[in-house]
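Please find below some notes on the model, set out for reading beside the coordinates.

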Amino acid sequence: MWLISLSLPLLPTIIIFVYFRYHVKVASLCRRALAWAQSLMRGRVCVKDVHAFVFTNCTHGKADSVLEMFHRYAETHHTLSVGQLTGDMLDEVIKRTHPLMVLELGTHCGYSTVRMLRLLPPGGRVITVETDSVTADLGEEIIMVAGFKHAQFQVLPCSSAEAISSLHSYLEADQSPSEGIDLVLMDHDPQQYLQDLLLLEREELLCPSGCTVLLIKRTRRDDECREILDYVRKEENCYSIRTEFPQMMEIVYRKDVQRREG
Ligand SMILES: C[S@@+](CC[C@H](N)C(=O)[O-])C[C@H]1O[C@@H](n2cnc3c(N)ncnc32)[C@H](O)[C@@H]1O
């Protein structure tokens with residue numbers, strides 16, 4: 001007690017010392033804590049509202065009705081789903097590439113998962129990853145409401161890095177005819193895109209004969225995907241950029257062993 005009373009008068013000096021000595025670190029820590037709290041609040045509040053709206057108003061068992069309710073909700077509310085325009089681009093890629101094994105990073109409420117699942121060829125599967133467990137549960141429910149079964153999809157409630165590190169066991173359990181992942185949709189955190197791509201490469205999870213990597217861009221900022229694009233451009237033996245839209249980029253990975261050895 002006496003120690004506390006003795007140190008109380010020193011408190012302003014200590015605060016001033018800590019501020020001047022560590023103000024850059026403290027400010028950065030505060031900014032990150034604030035951004036984290038905001039994103040958590042936004043994610044949770046939004047996902048519960050959108051889930052309730054879609055669940056109540058759609059025709060259960062009909063994927064198109066589920067998508068329609070997402071669109072209707074987005075007319076009056078801010079949502080994190082990719083939405084109609086990027087969704088149409090996504091449809092075009094799925095129809096063109098016919099992927100059997102899809103990895104989605106960033107499930108949110110399941111909009112893009114439903115969009116892809118409805119166009120997959122027979123036997124096609126989506127593994128979708130969502131770091132927030134409440135959001136993962138709500139997203140999973142919407143995907144089931146859209147009429148899809150667990151034989152067609154799996155929601156992994158963990159971070160992208162954790163999911164990628166354990167993905168081999170899921171692919172083996174799946175007995176997928178594919179040589180690896182045929183399509184990766186990254187719509188989680190642009191700061192993670194490059195790290196996750198490198199991890200996918202290291203774990204040899206990308207189908208060597210061709211894997212499409214889609215990067216969703218949420219802002220118009222040029223630097224949003226710069227790190228991953230710099231890397232892809234540098235590794236031109238394995239990667240090529242197929243399309244570059246403001247909302248989405250399509251990258252093709254191909255491990256052409258002969259060309260690399262030659
Ligand atoms: C923009 S939303 C995804 C929207 C979804 N693709 C759609 O169109 O319906 C991004 C989601 O990624 C999740 N997320 C963020 N960082 C993540 C990470 N490192 N691993 C897995 N999920 C992550 C967030 O919780 C959020 O729900």
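The numbered points below take up the model, its sheet, its helices, its core and its ligand shell.

1. This is a predicted model, in which local features need pLDDT of at least 70 and side-chain atom pairs count only at pLDDT 80 or more, whereas totals for chains, interfaces and linings use all residues. Residues are numbered from 1 along each chain as its sequence is written.

2. The chain holds 11 helices and seven strands, these being DSSP runs numbered from the N terminus (helices: H or I, at least four residues; strands: E, at least two). Of the contacts with a separation of 6 or more, 73% are between residues 24 or more positions apart, a contact being a pair of C-beta atoms, placed from the backbone, within 7 Å.

3. The seven strands form an open sheet of mixed pairing, in the order S3-S2-S1-S4-S5-S7-S6, where two strands pair if DSSP finds at least two bridges between them. Because strand S3 (153–156) and strand S6 (239–244) each have a single partner strand, they stand at the edges with one side left without a neighbour in the sheet. Neighbouring strands are turned by 15° against each other on average, direction ignored.

4. At one edge, S6 runs antiparallel to strand S7 (residues 248–253) and is joined to S7 by five bridges, with Ser-240 standing opposite Val-252 in S7. Helix H4 (residues 83–97) packs on the sheet, where it touches strand S4 (183–186), strand S5 (211–216) and S7, and its direction makes about 180° with that of S5; axes are lines fitted to C-alpha atoms, for helices over the stretch in contact, and angles run from 0 to 180 degrees between N-to-C directions.

5. Helix H9 lies across strand S1 (101–105), S4 and S5, at about 160° to S4. The axes of H9 (residues 190–202) and helix H10 (residues 226–234) come within 7 Å and cross at roughly 35°. Tyr-193, Leu-194 and Leu-197 of H9 meet Glu-227, Ile-228 and Tyr-231 of H10.

6. The largest nonpolar core has 62 residues, and Val-66, Val-184, Met-186, Val-213 and Leu-215 have the most contacts inside it; such a core is a set of buried Ala, Val, Leu, Ile, Met, Phe, Trp, Tyr and Cys residues joined through C-beta atoms within 7 Å. Buried residues (20 or more other C-beta atoms within 10 Å of their own) make up 35% of the 262 residues in the chain. Beyond its neighbours within four places in sequence, Leu-215 is in contact with residues including Tyr-193 and Ile-228.

7. The ligand is surrounded by 21 residues, of which the closest are Gly-106, His-108, Tyr-111, Ser-112 and Ser-160, nearness meaning a C-beta atom, placed from the backbone, within 6 Å.

Key. Two residues are in contact if their C-beta atoms, placed from the backbone, lie within 7 Å. A residue is buried if 20 or more other C-beta atoms lie within 10 Å of its own, exposed if 12 or fewer, and partly exposed in between; C-beta atoms are placed from the backbone.
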